[in-house]
Amino acid sequence: MLRVLLFILPKVGPLSLANVKGPTNATEADYMHSVYQSAAALRYALRGFTPLTSRLETPQATLC
């Protein structure tokens, strides 16, 4: 019920805080940077679970 009321009422005054805004270019760039950093950190952490011999071998192409 409250969700419908917030959708209908105009977003002026104190209700302007309830207005949904899309990300700016800067926040989108910051988000993508954090995703890349998280993926790199996860890749680095998972390297410890991979045997050294598997890391040294070159991957073979698989045919389906």
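**Exercise 1.** In this predicted model, in which helix of the protein chain is confidence lowest, and in which is it highest?

*Solution.* Start with the low end: helix H1, residues 2–8, has a mean pLDDT of 68, the lowest in the chain. At the high end stands H2, with a mean of 95. For the chain as a whole, the average pLDDT is 79, and 66% of the residues score at least 70. Where pLDDT is low, the predicted coordinates should not be read in detail.

**Exercise 2.** Describe the secondary structure of the protein chain.

*Solution.* First count the elements: the chain has three helices and zero strands. Then read them from the N terminus, which gives the order α-α-α. One of these elements, helix H2, spans residues 25–47.

**Exercise 3.** Determine what share of the protein chain is buried and what its exposed surface consists of.

*Solution.* Buried means under 20% relative accessible area. Of the 64 residues in the chain, 0% are buried. The exposed area comes to about 6,400 Å², and carbon and sulfur atoms supply 68% of that area.

**Exercise 4.** Locate Met32 and classify its exposure.

*Solution.* Met32 lies in helix H2. Its relative accessible area is 33%. Partly exposed covers the range between the buried limit of 20% and the exposed limit of 50%, so Met32 is partly exposed. Met32 also contributes to a nonpolar surface patch of about 420 Å², together with Tyr31, Val35 and Tyr36.

Note on methods:
Residues are numbered from 1 along each chain as its sequence is written. This is a predicted model: local features need pLDDT of at least 70, side-chain atom pairs count only at pLDDT 80 or more; totals for chains, interfaces and linings use all residues. Side-chain values use heavy atoms; hydrogens and water are left out. Patches are made of residues with over 30% relative accessible area and no salt bridge: like charges are joined within 9 Å, nonpolar side chains (Val, Leu, Ile, Met, Phe, Trp, Tyr) within 5 Å. Accessible areas come from the Shrake-Rupley method with a 1.4 Å probe; for residues, only the protein chains shown count as cover. A salt bridge is a side-chain nitrogen of Lys or Arg within 4 Å of a carboxyl oxygen of Asp or Glu. Helices (H or I, at least four residues) and strands (E, at least two) are DSSP runs, numbered from the N terminus. Buried means under 20% relative accessible area, exposed over 50%, partly exposed in between (1.4 Å probe, protein chains only). pLDDT is the predictor's confidence in each residue, from 0 to 100.
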